[in-house]
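Good morning, and thank you for making time for this item. I would ask you to keep the sequence and the coordinates in view while I speak.

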Amino acid sequence: MSPWLTVIGIGEDGFKGLGRNARHAVLRAARIIGGQRQLDLLPVCVRGERQLWPSPFSLAPLLARRGEPVCVLASGDPMFYGVGASLARQVPAEEMLILPAPSSVSLAAARLGWALQDVMTLSVVARPLAALNAHLASGVRLLVLSNDGQSPAAIAALLAESGFGPSRLSVFEHLGGAAERRVDGVAHAWPHAAVADLNLVAIDCLADADAPRLSRLAGLPDVAFKHDGQLTKRDVRAMTLARLAPLPGELLWDVGAGSGSIGIEWMRAHPSCRALAIEADAGRQGLIEHNRDALGVPGLQLVRGTAPAALGGLETPDAIFIGGGVTRDGVLETCWQHLRPGGRLVANAVTLQSEMTLMAWRAQHGGELTRLHVAQAQPLGEFDTWRQALPITLLDVIKPL
């Protein structure tokens, strides 16, 4: 099937900035769909019928015209956080012709002299600002698509609150157009309450001298989490996550999540990792919500309830962690039933009763049992001695295909 849909990226410089193929496609189009800002960039010589996207936004009216010649206008590169990416999930590639313009990210990198391959690109368009926290580290450069004119000030406040107040910010308005403008400043003293709604924020990250170092590797310091004592401690957490082995796009169930540390570190392993934190205690639910935002994974989904009842109807997981409650009737069995074939189940036990439960489970389903002993040097009078934490028994089992 030849392409019936042409998706054209248009910049702030409008119709005159389009390449020859894109201009010809717009002039030939009988129907042109886009946002008001994109449609207003077209000159009067364009005769095709102009149609706004519906509000709330939906692709349905466009998809209903499948097979008819249609032109869609999008900002910049349609495949960069744009409508082209949404269309590509529903329209085969051979049915579309995509003609991109330079993205705002490409234009900003050119203005700054930043090598684009060395920059992290993010979007806070209809997304939580807290997701930025996962990417903050001294020396990191970020290009962030703003949601509106208040976004730069909100980003500056978040940076200052997170220990990155010295970070340098550059905000670009209307990139590529006649109204293009750049404003610069430092996060902890950002002077601009609002700028143009169409803007992009460039961040050259610099941490305060006393800001904590938070690696993306498993095993964050325990002080990185607010908790009430129900926390999988740092060394055990690192060993547990090594066995859970997060891979891009995979889903974890963190059953009896406590402060959410396992699910949070699972999601920090890769931007596409997902997690459900199942927790019954209201106080701990609040701790999970705080920790997920502070550590940059606001997408962690909180499931309020007690296992196994709360597990019904949840999306099939690739891995399950049970940090407590293995002796509760039906918890292990229900988790095993829902785990996808080839998925990993890891459970930790502290008490003799929970350890015996894991031993019995291993006898039936296989897997590995590991006993973890962690001791830390602590003062004893004028000297130091080893203080032994409670031993942890860890079950690691893979569900047969």
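Proline 152 is buried, because its relative accessible area is 1%, and the cut-off for that class is under 20%. I should say at once that this is a predicted model. Proline 152 has its place in helix α6, which covers residues 151–161. Which residues does proline 152 touch, leaving out those up to four places away in sequence? They are Ser146, Leu169, Val171, Trp190, Val195, Asn199 and Val201. As for its distance from leucine 87, which is 65 residues away along the chain, the two C-alpha atoms are separated by 29 Å.

Let me place that residue within the whole chain. The protein chain has 11 helices and 19 strands. Its C-alpha trace spans about 85 × 55 × 35 Å along the principal axes. Of the 401 residues in the chain, 45% are buried. If one takes the contacts between residues at least 6 apart in sequence, 63% of them join residues at least 24 apart.

I turn now to the nonpolar interior. The largest nonpolar core has 27 residues. Within this core, the residues with the most contacts are Phe225, Leu244, Leu252, Trp266 and Leu300. Which elements give two or more residues to this core? They are the helices α7 (234–244) and α8 (261–268), together with the strands β12 (274–279), β14 (319–322) and β19 (392–398). Helix α8 gives the most, with 4 residues.

Leucine 244 may serve as an example from this core. Setting aside neighbours within four places in sequence, leucine 244 is in contact with Leu252, Ile262, Trp266, Ala319, Ile320, Phe321, Arg344 and Val346. Apart from this core lies another, of 25 residues, and its members include Leu276, Ala307, Leu358 and Leu395.

Next, the aromatic pairs. The structure holds 3 of them. In one, the ring centres of tryptophan 336 and tryptophan 361 are 5.8 Å apart, and the ring planes meet at 85 degrees. Why is this pair called edge-to-face? The planes stand at 85 degrees, and an angle over 60 degrees places a pair in that class, so the pair is edge-to-face. The pair links distant parts of the chain, since tryptophan 336 belongs to helix α10 (residues 331–338) and tryptophan 361 to helix α11 (residues 352–365), 25 residues apart.

Are these two tryptophans buried or exposed? Tryptophan 336 is buried, with a relative accessible area of 11%. Tryptophan 361 also counts as buried, at 6% relative accessibility. In addition, lysine 399 lies over the face of tryptophan 336, at 6.0 Å from the ring centre.

I come to the internal voids. How many cavities of 30 Å³ or more are there? The count comes to 1. The largest cavity has a volume of about 30 Å³. Its lining consists of Ile33, Gln51, Leu52, Trp53, Pro54, Ser58, Pro61 and Leu62. Strand β3 (49–52) and helix α3 (60–63) are the elements that give two or more residues to that lining.

The loop between β3 and α3 also contains proline 56. The peptide bond from serine 55 to proline 56 is cis, with omega near 5 degrees. A cis peptide bond likewise joins alanine 307 and proline 308, where omega is about 10 degrees. Proline 308 is found in the loop between β13 (301–304) and β14. Alanine 307 was named a moment ago among the residues of the core of 25 residues.

Finally, the backbone torsions. Tyrosine 81 has phi near 50 degrees, a positive value in a residue other than glycine. Tyrosine 81 lies in the loop between β4 (70–75) and α4 (83–88). At 44% relative accessibility, tyrosine 81 counts as partly exposed.

Alanine 126 is a further case, with phi near 55 degrees, again a positive value in a residue other than glycine. The loop between β6 (120–123) and β7 (141–145) holds alanine 126. Why is alanine 126 classed as exposed? Its relative accessible area is 74%, and exposed means over 50%, so alanine 126 is exposed.

Terms used:
Residues numbered from 1 in each chain as written. Predicted model: local features only at pLDDT ≥ 70, side-chain atom pairs only at ≥ 80, totals over all residues. Heavy atoms only, no water. Phe/Tyr/Trp six-rings, centres within 6.5 Å; stacked < 30°, edge-to-face > 60°. Buried < 20%, exposed > 50% of the residue type's maximum accessible area, 1.4 Å probe, protein only. Lys NZ or Arg CZ within 6 Å of the ring centre and 35° of its normal. Core = buried A, V, L, I, M, F, W, Y, C linked by side-chain atoms within 4.5 Å. Contact = heavy atoms within 4.5 Å. 1 Å grid on protein atoms, 1.4 Å probe; cavity = no way out; pocket = protein on both sides within 12 Å on 5 of 7 lines; lining within 4 Å. Points joined across faces, edges and corners; volume = space filled by probe spheres on them.
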